[in-house]
Structure formats: structure tokens, C-alpha cells
Amino acid sequence: MNIIRTKDYEDMSRKAASIISAQVILKPDCVLGLATGSTPLGTYEQLVEGFNRGDLDFSRVTTVNLDEYCGLPEENEQSYHYFMRQNLFRHINIPEDHTFVPDGMEADSALACQAHEDIIRKLGGIDIQLLGLGNNGHIGFNEPGPVFEKETHPVDLTESTIRANARFFERIEQVPTRAYTMGIKTIMQARRILIIVSGSGKADIVARAFWGPVTPQVPASILQLHPDVTLVADEEALAQVLPLHCYSFSPAALNHLPLQA
Ligand code: F6R
């Protein structure tokens, strides 16, 4: 795992955007796996700036998003479709039909989830997957549980995630309680993973996820076993771990991981 320690949120966003930009420049028809939430906002702003400067061309890029709430139409301001359009897609030259977010309005969850998996497979897999880190260690909406869920699947969101997401809604009752999310296997199959974390509120979960045991109780801990992960985190988020500037390590692969049957 490569760990890049940054001064603050802005520095984290610039460095994360530089990594994604390098991917787009090196492989103009790459597949980017994208995330929503507050953490990637600065990264998306930087990508838009790179596009406006003429450094980045997204015309051949395809994107697949990690997750979407169930039951919110694309036009709903809280949907992840809407978030992606507002914060990235409408500011760059990516064709709309190159952008894929799970279809949260498809009531048949098996159909919706299989469709998302099929898209990723037909695209030949994800070149780089951007992730944020949930306060409880979730990635996508893979919540702590007894097993690592494998592929795109429906989830009932935990109380802690509903509370964390309530900040985007007027009332907590408006926060959807269900979502479709890429599974841990889907995420782990991305060729590269870029996880970004900022702020002292995440310091404890960063230490548990990347310096603790690999366990489905902390879903992000599985990333320790991916061969090409970069964690870009600011000083506050890394406050409980080694005070080095930039380093890498490869934890020994662990046996007996409780994968879903
Ligand atoms: C969003 C997602 C979530 C967030 C996580 C962190 O697509 O998959 O896992 O990355 O909840 O959210 P923020 O960045 O708002 O702290």
C-alpha cells in the first residue's frame, strides 16, 4: 500500500486529482470508478480545473460509480446521479452515455445489481477506483458485517451511515435506508485503488482499517490485500499512525478470510 501524507484537505485533493489525471493522460479510454460524499468534492474540482486548462480530455473516458440510493430519481438533488452531474460530469467533456451509476429506481434489485456488474465486465474492468472511507470503515455502502459481500448488491444502511448522510438532507427521515452498492469483490477487482481520507474525525478508522486486522467488521481493511492501493490522507486523518511523510508497505496476505459463500 502506498501512503501519501498531505498537509490538508486541499493538498489531498490536488494529489488525488493528479493521480487520476495521470491515469486519464496515460490511457485516454480508461475506466474510472468514482465515489460520492464530501471527500471527493475537492478532487473533482481539481479535475474540472485540469479540463478547463486543457490538460485533460474525458471524451473517451468511461465512469462507473460505486453506489446509489434506492428510490431517488436521477433528478432528485440527493441522488448520486445528480451529485455526479453537478460536481463533475456537466463541467467536463465526458459523453453522458459513458457514465454509469447503479439504477436506484429499478425495484428489482437483482436486475439492477446484475446490470451494474455486466457494465463493468463489458468495459473490461475498472482501471482506477476512487474511494472515500466511511466513519465505520465502510467503502461504497459495504457496511460492517459478518462477511465481505462480493458483487453489486442491495444494502440496508446502518444507523451510523444514515446519521452521517443526514447532513445532506433537511430531515433524517428523508435519508433513504436502502442502496445498491458495488461489492467488495467488485472493488477489489479494480486494477488500482485510490482511497482518500481527510480530517481528525477519520483518524481512528484510518488506523483500524489500514493498521488493524483484515476483518469484515471494518470493510476497508480488505484493501490491505489489494496489490495496488494508494491511500492519500491528510495529517489529521493520519494522526494516530506513523508520522512519516510518504511510504509503502505490503502486509502479508491473510488466510481464512470470511468471504460470502
Ligand atoms: C460514496 C460512498 C461512501 C463514502 C463514505 C465517506 O459513494 O461510497 O462510501 O465514500 O461514506 O463519505 P464522506 O466522504 O462524505 O465522508
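These are my notebook entries on what I looked up in this structure, which is a predicted model.

**Entry 1: aromatic rings**

I started with the rings. A pair of aromatic rings is described by the distance of the centres and the angle of the planes. My search of the whole structure turned up five aromatic pairs. I picked Tyr-80 and Phe-141: their ring centres are 6.0 Å apart and the planes sit at 15 degrees, so I wrote this pair down as stacked. The cut-off I needed here is that planes under 30 degrees apart count as stacked.

Where in the chain do Tyr-80 and Phe-141 sit? Tyr-80 is in helix H3 (residues 80-87), while Phe-141 is in the loop between strand S6 (128-131) and strand S7 (153-156). They are 61 residues apart, so this pair links distant parts of the chain.

Next I checked burial. Tyr-80 has a relative accessible area of 10%, so I noted it as buried. Phe-141 is buried too, at 2% relative accessibility. I also found that both belong to one aromatic cluster, together with Tyr-69 and Phe-169.

**Entry 2: a sheet and a helix**

Then I looked at strands. Strands of a sheet pair through backbone hydrogen bonds, either parallel or antiparallel. I found an open sheet of three strands in the order S4-S8-S7, and the pairing is antiparallel. Strand S4 (67-69) and S7 are the edge strands, each pairing on one side only. Ignoring direction, neighbouring strands in this sheet are turned by 25 degrees against each other on average.

I zoomed in on S7 and strand S8 (residues 178-181), which pair over four bridges. In one spot I traced, Val-155 has Ala-179 in S8 as its bridge partner. Helix H4 (residues 109-122) lies across S7 and S8, and runs at about 30 degrees to S8.

**Entry 3: nonpolar cores**

Which residues have the most contacts inside the largest nonpolar core? My list reads Ile-139, Ile-195, Phe-210, Leu-223 and Leu-231, in a core of 35 residues. The elements giving two or more residues to this core are helix H6 (184-188), strand S9 (192-197), helix H7 (203-211) and strand S10 (229-234). H7 gives the most, with five residues.

I followed Leu-231 a bit further. Leaving aside neighbours within four places in sequence, its contacts include Met-1, Ile-3, Ile-195, Phe-210 and Trp-211. Apart from this core I found another one, of 26 residues, including Met-12, Leu-47, Ile-94 and Val-232.

**Entry 4: salt bridges**

Last came charges. Side chains of opposite charge can pair when their charged atoms come close. I noted 12 salt bridges in the structure.

Asp-127 and Lys-27 form one of them, with the closest N and O atoms 2.8 Å apart. Asp-127 is in the loop between H4 and S6, and Lys-27 is in the loop between helix H1 (9-26) and strand S2 (31-34), 100 residues apart. Is each partner buried or exposed? Asp-127 counts as buried at 6% relative accessibility, whereas Lys-27 is partly exposed at 31%.

Arg-53 and Asp-55 also meet in a salt bridge, 2.9 Å from N to O. Arg-53 is exposed, with a relative accessible area of 55%, and Asp-55 is partly exposed at 45%.

In the salt bridge of Arg-163 with Glu-159, the closest N and O atoms are 3.9 Å apart. These two are four residues apart in helix H5 (residues 159-165), so about one helical turn separates them. Both are exposed. My final note is a network of salt bridges linking Asp-11, Arg-14 and Lys-15.

Key
Residues numbered from 1 in each chain as written. Predicted model: local features only at pLDDT ≥ 70, side-chain atom pairs only at ≥ 80, totals over all residues. Heavy atoms only, no water. Phe/Tyr/Trp six-rings, centres within 6.5 Å; stacked < 30°, edge-to-face > 60°. Buried < 20%, exposed > 50% of the residue type's maximum accessible area, 1.4 Å probe, protein only. Pairing = 2+ DSSP bridges. Axes fitted to C-alpha atoms, helices over the stretch in contact; angles between N-to-C directions. Contact = heavy atoms within 4.5 Å. Core = buried A, V, L, I, M, F, W, Y, C linked by side-chain atoms within 4.5 Å. Salt bridge = Lys/Arg side-chain N within 4 Å of Asp/Glu carboxyl O.
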